[in-house]
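Let's take a friendly walk through this structure, from its overall build to the surroundings of its ligand. Here it is for you to look at.

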Amino acid sequence: MVEALLPAVLAAGRIEMSHFKSGVEVETKADRTPVTVADQEAEKVLIEALRQVAPGIPVIAEEEVAAGRVPETGSTFFLVDPLDGTRAFISGSPEFTVNIGLVVDHRPVFGIIYAPASSELFATLTPHEAFEAHIKPDDSNATLASCSLTRLATREPDRAALVAFASRSHAAQNTDEFLQQLPITEKKRASSSLKFCLIARGEADLYARLGRTSEWDTAAGQAILNAAGGCVTTLDGEPLSYGKSAEGYANPHFIAWGREPLLSVPQ
Ligand SMILES: Nc1ncnc2c1ncn2[C@@H]1O[C@H](COP(=O)(O)O)[C@@H](OP(=O)(O)O)[C@H]1O
Ligand SMILES: [Mg+2]
């Protein structure tokens, strides 16, 4: 599936890079988050590709939902965030990503994340194996077979000296208070779903998000992190689950862990 979706993912990346370089007009959505024409154009390309590659599987996509178009889903559906980290994108930071996740029975089982500005591709091969590769958005004929894949594996945490990620654009007091429960010796900041990928690569031990996100922000990242040896839990220690249509696909607060959860007591 990664191979089949790769041309559309690269095309979405090219669209985003063209707007990234030329500057782009910003609108504000009902949830007061920003959106640009790059989000909307990239999403169209991804939805069309998913219709061809996996006909019949519903697609829940961020900008479609923002426009009030939310399909009925069964137990299997795609989640698409065409441009995660729109704030970073607008501010000229390269930390924005294309995201496709597949949910089966409330769990994310497949994910692709592509950061076109750094040419980094992260994806699952199976629910237990994930890789990264370096592919430029302009390399529209690239195939997985033609590039070198590096397996993603999380690191064993030093339980006395943990490294944590937090959102760059959403620094929050409740997150800092939460992190005080753990022996964090270094805090890193990054935008978008890249935080999941960097933990999957072994660059940190956890990422706490005590703030608003939606299922399309996390599905691909959770699938990749799971496949690299980590997990994503709510503050109760339960796996972050999907298909929360009654909540408008909003997520509760969550923590992404490089290995097993290090806080097992309900908060
Ligand atoms: N007020 C809000 N309501 C819903 N989602 C929000 C939000 N503020 C931030 N987010 C989510 O957080 C994501 C960015 O995460 P980060 O701040 O870690 O880069 C945004 O993704 P988009 O850029 O795709 O909209 C958005 O979905
Ligand atoms: Mg997003």
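## Overall build

A quick word on terms: strands here are DSSP runs of at least two residues, marked E and numbered from the N terminus. The model you are looking at is predicted. Its chain has seven helices and 14 strands.

The C-alpha trace spans about 45 × 40 × 40 Å along its principal axes. For 267 residues, a compact globule would be expected to have a radius of gyration near 18 Å, and the chain's 17 Å agrees with that. Of those 267 residues, 44% count as buried. Among contacts with a separation of 6 or more, 63% are between residues 24 or more positions apart.

## Around ligand 1

Let's turn to the ligand. Ligand 1 is surrounded by 18 residues, and the closest are Thr-86, Ser-167, Ser-169, Ser-191 and Arg-212. By class, this shell has 10 polar residues, seven charged ones and one nonpolar residue.

Where does ligand 1 lie with respect to domain 1 and domain 2? Domain 1 (2-151) and domain 2 (162-257) both give residues to the shell, so the ligand lies between them. As for secondary structure, strand E4 (residues 76-84) gives the most to the shell, with three residues.

## Positions listed in UniProt

An unreviewed UniProt entry lists Asp-81, Asp-84 and Asp-217 under "binding site". These positions are spread over 137 residues of sequence, yet they cluster in space, with a largest C-alpha distance of 6.7 Å.

Also under "binding site", the unreviewed entry lists Glu-62, Leu-83, Asp-84, Gly-85, Thr-86 and Asp-217. This set spans 156 residues in sequence, but no two of its C-alpha atoms are more than 12.4 Å apart, so the residues gather at one spot.

## A closer look at three of them

Asp-84 lies in strand E4. Is Asp-84 buried or exposed? With 27 other C-beta atoms within 10 Å, Asp-84 is buried, because 20 or more is the cut-off for that label. Not counting residues up to four places away in sequence, Asp-84 touches Phe-96, Thr-97, Asn-99, Ser-192, Ser-193 and Asp-217.

That last partner, Asp-217, lies in helix H7 (residues 215-227). Asp-217 is buried too, with 25 other C-beta atoms within 10 Å. Leaving aside neighbours within four places in sequence, Asp-217 is in contact with Asp-81, Asp-84 and Ser-193. Ser-193 thus appears in the contact lists of both Asp-84 and Asp-217.

Leu-83 also has its place in strand E4. The count for Leu-83 is 31 other C-beta atoms within 10 Å, which makes this residue buried. Beyond neighbours within four places in sequence, the contacts of Leu-83 are Glu-16, Ala-38, Asp-39, Ala-42, Phe-89, Phe-96 and Val-98. Phe-96 is therefore a partner of Leu-83 as well as of Asp-84.

## An exposed loop residue

For a contrast, let's visit Ala-30. This residue lies in the loop between strand E1 (26-28) and strand E2 (34-36). How many other C-beta atoms lie within 10 Å of Ala-30? The count is 7, so Ala-30 is exposed; the label applies at 12 or fewer.

Ala-30 can also be placed relative to Ser-167, one of the residues closest to ligand 1. Ala-30 and Ser-167 are 137 residues apart in sequence, and 21 Å apart in space from C-alpha to C-alpha.

Terms used
Residues numbered from 1 in each chain as written. Chains lettered and ligands numbered in written order. Predicted model: local features only at pLDDT ≥ 70, side-chain atom pairs only at ≥ 80, totals over all residues. Near = placed C-beta within 6 Å. Helix = DSSP H or I, 4+ residues; strand = E, 2+ residues; numbered from the N terminus. Nonpolar A, V, L, I, M, F, W, Y, C, P; charged D, E, K, R; others polar. Domains from an automatic or database assignment. Rg over C-alpha atoms; globule rule 2.2 N^0.38 Å. Contact = placed C-beta atoms within 7 Å. UniProt positions renumbered as here; feature names shortened; annotations may be inferred.
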